[in-house]
Amino acid sequence: MTAPSASTPLAESLATVRRRLADALSAAGRPTTGARLLAVSKTKPATLVREAWHLGQREFGENYVQEALAKQVELADLEGIVWHFIGPLQSNKTREVADHFAWVHSVDREKIARRLNDQRPEGLPPLEVCLQVNISAEPSKSGVSLPDLPALAEAVLAMPRLRLRGLMAIPAPSEDMGAQREPLARLREALEALQDRFPKAPLDTLSMGMTHDLEAAVLEGATLVRVGTAIFGERKSPR
Ligand SMILES: *Cc1c(COP(=O)(O)O)cnc(C)c1O
């Protein structure tokens with residue numbers, strides 16, 4: 001197929017998000033390569049993912065295993081595409097994630113990590129892992145608590161088929177930049193503490209920042225921002 005022209009809605013929204021990211025990095029005094037864009041394509045059709053790929057986007061985030069696997073089959077011809085699993089992860093889905101994703105951002109307990117480690121196929125590189133931290137301390141949200149984080153990190157670092165890359169969080173939404181930054185700063189500080197504690201670990205990733213708080217996240221040191229709505233448009237019904 002031919003590459004879509006630069007005037008499609010997706011081309012425009014992707015260009016806008018890229019500009020937001022570049023502007024935020026520049027405002028933060030960070031290098032333009034300081035943060036990558038993860039395009040969150042959950043609930044969106046494979047045709048849009050293909051179009052984004054033609055526009056140069058390579059990393060995509062998905063939340064629902066079955067939906068993601070269907071898209072991966074349809075998009076198997078796209079070279080260099082990298083799939084990140086960012087949704088809640090139940091034990092009965094770990095095998096499919098270990099088989100079909102390069103990254104997982106939502107590891108929040110040792111049992112899930114152990115299963116991913118045991119199930120990661122030998123023919124694939126180690127699974128890149130971020131630990132999801134419950135940074136706003138909301139009882140209903142998933143994520144490891146800050147006090148439990150060091151022990152979980154230590155356990156995951158001992159798992160040879162996983163590579164612990166960093167931390168991920170989904171803070172409680174807020175419209176105010178100052179209020180947005182506070183939990184994001186806590187996540188950065190948590191990563192810095194882990195880097196001090198485990199200096200040999202490849203802990204280079206802060207997965208934070210979504211459509212509404214991308215700028216705050218970049219100011220607080222995000223290295224991988226996960227943007228859905230601003231790229232692909234509103235999602236219809238929450239699942
Ligand atoms: C849906 C989702 C996103 C993208 O959110 P938007 O507000 O649409 O940008 C990012 N991270 C996670 C974990 C998500 O589930």
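Two residues are in contact here when heavy atoms of theirs lie within 4.5 Å, and packing in these close-ups is read that way. Keep in mind that the model is predicted.

**View 1. Helix H6 and what it packs against.** H6 covers residues 149–157, and its buried residues are Leu 149, Pro 150, Leu 152, Ala 153, Ala 155 and Val 156. They pack against three strands and two helices: S4 (103–107), S5 (127–132) and S6 (162–168), plus H5 (110–119) and H7 (177–197). Leu 149 from this helix turns up again in View 2, as one of the residues touched by Leu 167.

**View 2. Leu 167 in the largest nonpolar core.** This core takes in 65 residues, and the ones with the most contacts inside it are Leu 116, Leu 131, Leu 167 and Ile 231. Its largest share comes from helix H1, with 6 residues. Zoom in on Leu 167 and, beyond four places in sequence, you find it touching Cys 130, Leu 131 and Val 133, then Leu 149, then Leu 187, Ala 190, Leu 191 and Leu 194, and finally Thr 205, Leu 206 and Ser 207. One of those partners, Leu 131, is also among the residues with the most contacts inside the core.

**View 3. Gln 132, a buried residue in strand S5.** Gln 132 sits in S5. Its relative accessibility is 6%, so it counts as buried. Setting aside anything within four places in sequence, its contacts are His 105, Ser 106, Val 107 and Asp 108, a second group of Ser 142, Gly 143 and Val 144, and then Met 168 and Ile 170. For scale, the C-alpha atom of Gln 132 is 9.8 Å from that of Leu 187, which is 55 residues away along the chain.

**View 4. Thr 94 and its link to Gln 119.** Thr 94 belongs to helix H4 (residues 94–100). Is this threonine buried or exposed? With a relative accessible area of 0%, Thr 94 is buried. Its side chain makes a polar contact of 2.7 Å with the side chain of Gln 119. Apart from sequence neighbours within four places, Thr 94 also contacts Leu 89, Ile 112, Arg 115 and Leu 116. Leu 116 is another of the residues with the most contacts inside the largest nonpolar core.

**View 5. Helix H2 and the turn-off at Gly 56.** In H2 (residues 46–54), the buried set is Ala 46, Val 49, Arg 50, Glu 51, Ala 52 and Trp 53. Residues three or four places apart in an α-helix point the same way, because a turn takes 3.6 residues. The cover over H2's buried residues includes helices H1 (9–27), H3 (65–74) and H9 (229–232), along with strands S2 (59–62) and S3 (82–85). Just past the helix, Gly 56 has a positive phi of about 100 degrees.

**View 6. Thr 43, with a positive phi.** Thr 43 is in the loop between S1 and H2. Most residues other than glycine have a negative phi. Thr 43 isn't a glycine, yet its phi is positive, at about 70 degrees. With a relative accessible area of 32%, this residue is partly exposed.

**View 7. The largest pocket.** The volume comes to about 600 Å³. Which residues lie nearest the centre? Of the 31 lining residues, those are Lys 42, Asn 63, Ile 170, Met 210 and Arg 235. The lining splits into 12 nonpolar, 12 polar and 7 charged residues. Ile 170 was met earlier too, as a contact of Gln 132.

**View 8. Lys 236, after helix H9.** Lys 236 lies in the segment that follows H9. It counts as exposed because its relative accessibility is 84%, against a cut-off of over 50%. Lys 44 is 192 residues away along the chain, but the two C-alpha atoms are separated by 9.4 Å.

**View 9. Gly 34 in the loop after H1.** The loop here runs between H1 and strand S1 (36–40). Gly 34 has 18% relative accessibility, and buried means under 20%, so it makes the cut. Its contacts, leaving out neighbours within four places in sequence, are Leu 25, Ala 222 and Thr 223. Arg 165 is 131 residues off in sequence and 15 Å off in space, C-alpha to C-alpha.

**View 10. Leu 219 in helix H8.** Leu 219 is part of H8 (residues 214–219). This leucine is partly exposed, with a relative accessible area of 32%. Beyond four places in sequence, it contacts Ala 28, Met 177 and Arg 181. Between Leu 219 and Glu 154 there are 28 Å, C-alpha to C-alpha, for a sequence separation of 65 residues.

Methods:
Residues are numbered from 1 along each chain as its sequence is written. This is a predicted model: local features need pLDDT of at least 70, side-chain atom pairs count only at pLDDT 80 or more; totals for chains, interfaces and linings use all residues. Side-chain values use heavy atoms; hydrogens and water are left out. Buried means under 20% relative accessible area, exposed over 50%, partly exposed in between (1.4 Å probe, protein chains only). Helices (H or I, at least four residues) and strands (E, at least two) are DSSP runs, numbered from the N terminus. A nonpolar core is a set of buried Ala, Val, Leu, Ile, Met, Phe, Trp, Tyr and Cys residues joined through side-chain atoms within 4.5 Å. A polar contact is a pair of N or O atoms within 3.5 Å; within protein, one must be able to donate a hydrogen and the other to accept it, and residues adjacent in sequence count only if both atoms are side-chain atoms. On a 1 Å grid over the protein atoms alone, a cavity is a set of points where a 1.4 Å probe fits but cannot get out, and a pocket is an open set with protein on both sides within 12 Å along at least five of seven lines; lining residues have an atom within 4 Å of a point. Grid points are joined across faces, edges and corners, and a volume is the space filled by probe spheres set on the points. Ala, Val, Leu, Ile, Met, Phe, Trp, Tyr, Cys and Pro count as nonpolar, Asp, Glu, Lys and Arg as charged, and the others, Gly among them, as polar.
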